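Let's take a look at how the chains meet here, and then at one pair of helices.

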Amino acid sequence: MEHGHETTGDVTTVSWGGGLVESLFATGRPGRRALRLPPWDGAPVDAALPPAARRAAPCDLPSLSEPEVMRHFTRLSTLNHNIERGMYPLGSCTMKYNPRLNEEIAALPGFASLHPEQDDADAQGLLEALGMLQDFLCRLTSFAACSLHPAAGAHGEFLGMQVIRAFHLERGDRDRVEILIPDSAHGTNPASVTMVGMKPVTIASRADGRVDLAALRGAVGPRTAGIMITNPNTLGLFETDIAEIARVVHAAGGRLYMDGANFNAILGKARPADMGFDVVHINLHKTFSTPHGGGGPGAGPICVTAELAPFLPGPLVARRGGAWRLAAPEAVCTPSVHSYYGNVGICLRALTYILVNGGNGLRRVSELAVLNANYVRVCLRDVIPVPHGEGTLHEFVASATEWKEKYGIRALDVAKRLLDFGVHAPTVYFPLIVDEALMVEPTESEPKESLDAFVAALRRILHEAQTDPDLLHAAPHTTPVSRLDEARAARQPDLAWLGPCNCG
Amino acid sequence: MVADDRKYTKSHEWVMVEGDVATVGVTEYAASELGDVVFLDLPEPGSEINLGEPVGTIETVKAVEDLYSPVSGEVLEVNQAVIDSPEIVNNDPLEAGWLMKVRLAGRSELDDLLSAAEYETLLGG
Amino acid sequence: MPYTPHTAADVAAMLERIGVASVDELFDAIPADVRFGGDLDLPPGRTEEEVRRVMKRLAAANHGQEDLVSFLGGGVYDSIIPAAIGAISSRSEFMTAYTPYQAEVSQGTLQVIYEWQTYVCRLTGMAVGNASMYDGATALTEAVRMGVAWRRKPRVVVPATLNPRYRRVMATTLAGEDVAIVEVPRRGDGLTDVDALRRLTAAGDVGAVVIQNPNHLGLIEPAAELAAAAGGACVVACVNPVSLSLLKAPGEYGAHVAVGEAQPLGIPCSFGGPLLGFLACADELKRLLPGRVVGRTVDHDGRSAYVLTLQTREQHIRREKATSNICSNQGLMALRATVYLALLGAAGLQELGEANRVRAVALQAAVRGAPGVTLPFPGAVFNEFVVRLPKPARDFRAFARERGVLAGIPLDGFAGCGEGDLLVAVTEKRTAADIELYARTLRAWLAA
């Protein structure tokens with residue numbers, strides 16, 4: 001594993017600290033202890049369980065001391081890229097800075113120690129906080145009601161589709177089962193539709209990557225439940241025909257769902273309800289700075305029109321009779337998608353972020369996100385084509401097709417080589433409508449120097465493509481591990497450490 | 001040069017007929033386009049399959065491709081060796097990498113299959 | 001602006017490079033008829049300290065389990081959270097890292113998930129686990145969907161004593177999939193009726209049978225007998241992970257899938273979220289697993305390394321044919337639980353299980369003697385049980401609350417329980433004095 005770095009002009013590869021770490025299950029010694037519990041200080045108790053109920057063999061787990069545990073996980077942490085180490089220009093993910101104030105607030109015992117089965121009276125401060133967030137999200141989107149229940153974006157999509165289905169069923173429209181989805185959509189969109197028992201119908205995009213109105217008009221009809229659109233779309237472009245799209249879908253009896261993954265582009269600039277949408281989900285772990293945590297937890301609250309509000313799951317936070325309450329709505333249909341009230345801890349982080357920014361700050365977030373993306377796109381003009389660059393907002397999609405044809409270098413190779421330069425790769429091979437796609441979203445957190453370094457790295461990679469393509473095919477070179485044998489992982493799945501513990 | 005001891009389909013399967021039993025596999029072109037095959041889902045022996053229907057899937061790390069049946073009939077046998085070691089499809093798609101044996105419902109469908117020369121033309125050879 | 005670096009000079013330089021006069025021009029892409037030109041109706045931005053004051057005031061207006069002695073359970077528990085957990089989970093390298101799609105720069109996250117998967121397999125006795133689910137309710141729902149897909153049968157049997165929240169979430173999801181949920185009743189002793197289950201599965205049209213152990217009344221079920229009565233259906237065991245320290249593991253009684261809520265493993269209650277669902281299954285079902293899965297493989301240079309695998313099940317490849325729409329796991333929560341289990345070790349796990357059980361038995365003894373109070377179900381419990389009061393349980397709850405005790409969850413209307421029935425839980429945090437306090441408070445209420 002490399003510790004050095006090489007320099008060419010402004011562009012250096014970066015070295016990684018630490019080495020690979022043995023599995024927990026291969027370490028450990030019998031008799032080592034970390035956590036000890038306070039002993040039982042009451043009268044002796046016969047707590048023997050009936051033999052039939054008992055586990056046959058005690059669970060074989062590694063025994064470690066606390067210093068060993070801390071060392072294990074601390075060493076592991078050094079093997080991760082993270083926002084504090086460098087940029088993540090991941091299109092569609094909005095990897096912005098995760099403010100530490102959010103963490104401090106969510107961990108306050110007054111919030112963290114509340115049990116969900118406690119009475120409303122015990123949680124007045126928390127309920128007021130959730131009420132504020134519901135209210136702020138409604139104001140940002142210009143919608144009438146909000147549910148904080150969904151634990152992730154895909155979960156929000158699922159709930160949103162439930163709401164639309166429930167709406168149609170209540171009107172007796174049992175046949176409205178089709179949801180139109182552009183071919184540029186994220187995979188969770190059709191998956192969510194299917195899970196609710198509806199049918200995703202794909203509509204083609206135009207050459208400029210936006211929804212094809214003619215295709216839309218041809219696809220709507222009496223079976224249309226609605227449409228699911230990301231706006232700006234997955235190419236970072238605003239759906240300029242959205243008002244007309246809304247008219248067409250509403251006229252056909254359907255409702256519009258907005259996938260809010262790209263909300264970071266339009267805070268204070270455009271509001272989903274104004275565009276004609278009926279439901280939106282918001283990814284708090286994208287637009288509202290809550291941490292990605294290596295894959296979660298996120299939160300995907302949904303906001304809806306007054307018409308759809310009766311179909312939101314209860315209970316919702318509301319102020320009744322001078323106090324904050326978790327109130328069951330006078331609902332027609334009460335789907336339930338979470339054990340309790342959603343990822344409350346994540347909601348508190350998002351609320352903190354909104355309070356610090358304020359309305360003016362949030363609008364500035366979008367302005368700078370869009371500025372950063374356009375700056376990078378323009379700087380890359382002579383480096384890599386961006387087929388749908390006109391009207392770029394907060395992200396854009398470059399295509400490595402030309403590089404593939406000229407140098408045999410694919411988007412994957414570019415992504416892997418970027419890792420050597422201390423930058424996480426952009427999103428690759430998405431959206432599906434662009435060949436050899438590299439989706440770049442810098443976010444507003446990145447200073448100009450970091451954007452310039454990213455452009456310089458890509459320029460260097462182009463040079464390497466022209467002069468030493470094998471270097472790229474074999475990248476990354478300076479990371480703790482090199483390219484992985486994914487075929488072997490799939491053919492011979494090894495998904496858990498099976499051997500005995502504490503044999504070290 | 002495409003092997004002329006068998007027939008082909010536009011979706012890159014090959015069919016070799018002996019008596020009323022057809023052996024089906026995927027071509028070298030298909031195997032190389034797919035990349036490393038990691039998993040195969042093949043039809044149950046004893047099941048009836050029809051021409052043109054998706055009867056199984058071939059999975060690589062990043063994609064899932066449908067396997068379309070080039071013939072109609074009853075599935076007699078599927079190749080356990082490729083189920084256990086999917087890489088055989090990449091290494092030897094024409095021989096050891098056969099996928100299933102089917103008892104033909106009729107012979108007329110065979111006329112619609114491509115000859116070796118026609119398949120080669122399709123590949124742009 | 002609080003978290004952005006741009007100075008006026010930066011902005012000017014960038015605008016010039018782009019070739020536009022102002023940032024506003026970049027938003028010309030939004031048509032005028034849908035553009036929002038005003039100011040957002042939100043308060044103006046404030047400094048960190050001002051927001052801290054606002055949020056601390058809101059936090060102080062709550063009364064959680066830090067201030068009150070808690071006997072609340074029902075799936076989420078007031079457990080000890082070791083200090084080391086926060087120290088690890090708050091590290092930037094874990095907290096701000098993205099999903100480990102680029103494995104070469106994500107070995108920390110990937111190895112943690114692999115270790116989590118391993119812990120789940122060892123606790124449950126199953127072969128394969130996934131990277132986690134949103135919560136126990138969604139984990140159970142996904143397990144049931146797995147069973148229905150595997151067996152290709154459209155009915156699901158659940159016990160009357162299944163956690164009602166989990167039941168609701170399951171019903172919501174399955175409504176879209178034409179799967180019928182059928183209930184198997186409980187007996188008078190609070191346990192699931194094995195004979196009734198046998199009759200329900202006899203027709204062979206059941207895809208999945210759910211066993212909850214301990215059940216929502218806190219009782220330890222005859223899990224092996226129930227599993228044996230499932231006919232050919234997929235057996236889904238919904239279990240408390242802490243109880244697996246002592247109780248028979250799902251793998252020991254023939255379950256095909258094991259799920260549950262892992263919040264007690266080092267995660268704060270936080271008014272119910274974020275939580276941590278776990279899901280593990282027998283090897284033959286692994287391709288039906290929803291969510292992310294980490295596998296071990298080698299890199300180009302032969303080093304042992306970890307990678308997301310079996311991805312072709314997932315939404316980003318299969319889209320509408322995916323096993324589920326789930327995209328995220330609860331990564332940071334799985335990290336917390338993995339650190340917790342590492343701190344616990346085998347001996348600690350044993351001690352934890354016994355600590356819970358001892359306190360439950362002690363509390364049962366303490367309340368049993370109170371006038372008019374009974375323990376209606378005689379079977380063994382792990383860490384929670386039902387107390388039957390002579391007057392409405394809600395009244396006792398309110399009375400106890402005024403004396404600083406969170407007395408339990410009223411069960412009125414659940415599985416044939418009445419208004420006097422209360423679900424009471426303990427954890428390793430409860431002391432003999434806490435239990436004394438509970439008994440005293442109960443007696444005071446009865447006397448009033």
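## Chain contacts and a helix pair

Chain C puts 170 residues in contact with 168 residues of chain A, where contact means C-beta atoms, placed from the backbone, within 7 Å. On the chain C side, helix 11 (residues 331–368) of chain C gives the most, with 23 residues; helices are DSSP runs of H or I with at least four residues, numbered from the N terminus. This is a predicted model, where local features need pLDDT of at least 70, side-chain atom pairs count only at pLDDT 80 or more, and totals for chains, interfaces and linings use all residues. Residues are numbered from 1 along each chain as its sequence is written, and chains are lettered from A and ligands numbered from 1 in the order in which they are written.

The contact between chains A and B takes four residues from chain A and six residues from chain B. Here is the class make-up of two sides, with Ala, Val, Leu, Ile, Met, Phe, Trp, Tyr, Cys and Pro as nonpolar, Asp, Glu, Lys and Arg as charged, and the others, Gly among them, as polar.

| Side | Nonpolar | Polar | Charged |
|---|---|---|---|
| Chain C, touching chain A | 89 residues | 46 residues | 35 residues |
| Chain A, touching chain B | two residues | no residues | two residues |

Back to helix 11 of chain C: its axis and that of helix 5 (residues 107–124) of chain C come within 9 Å and cross at roughly 60 degrees. That makes helix 5 of chain C oblique to helix 11 of chain C. Among the residues that meet are C:W116 and C:Y119 from helix 5 of chain C, and C:L335 and C:L341 from helix 11 of chain C.

Note on methods
Contact = placed C-beta atoms within 7 Å. Helix = DSSP H or I, 4+ residues; strand = E, 2+ residues; numbered from the N terminus. Axes fitted to C-alpha atoms, helices over the stretch in contact; angles between N-to-C directions. Parallel < 35°, antiparallel > 145°, perpendicular 65-115°, else oblique.
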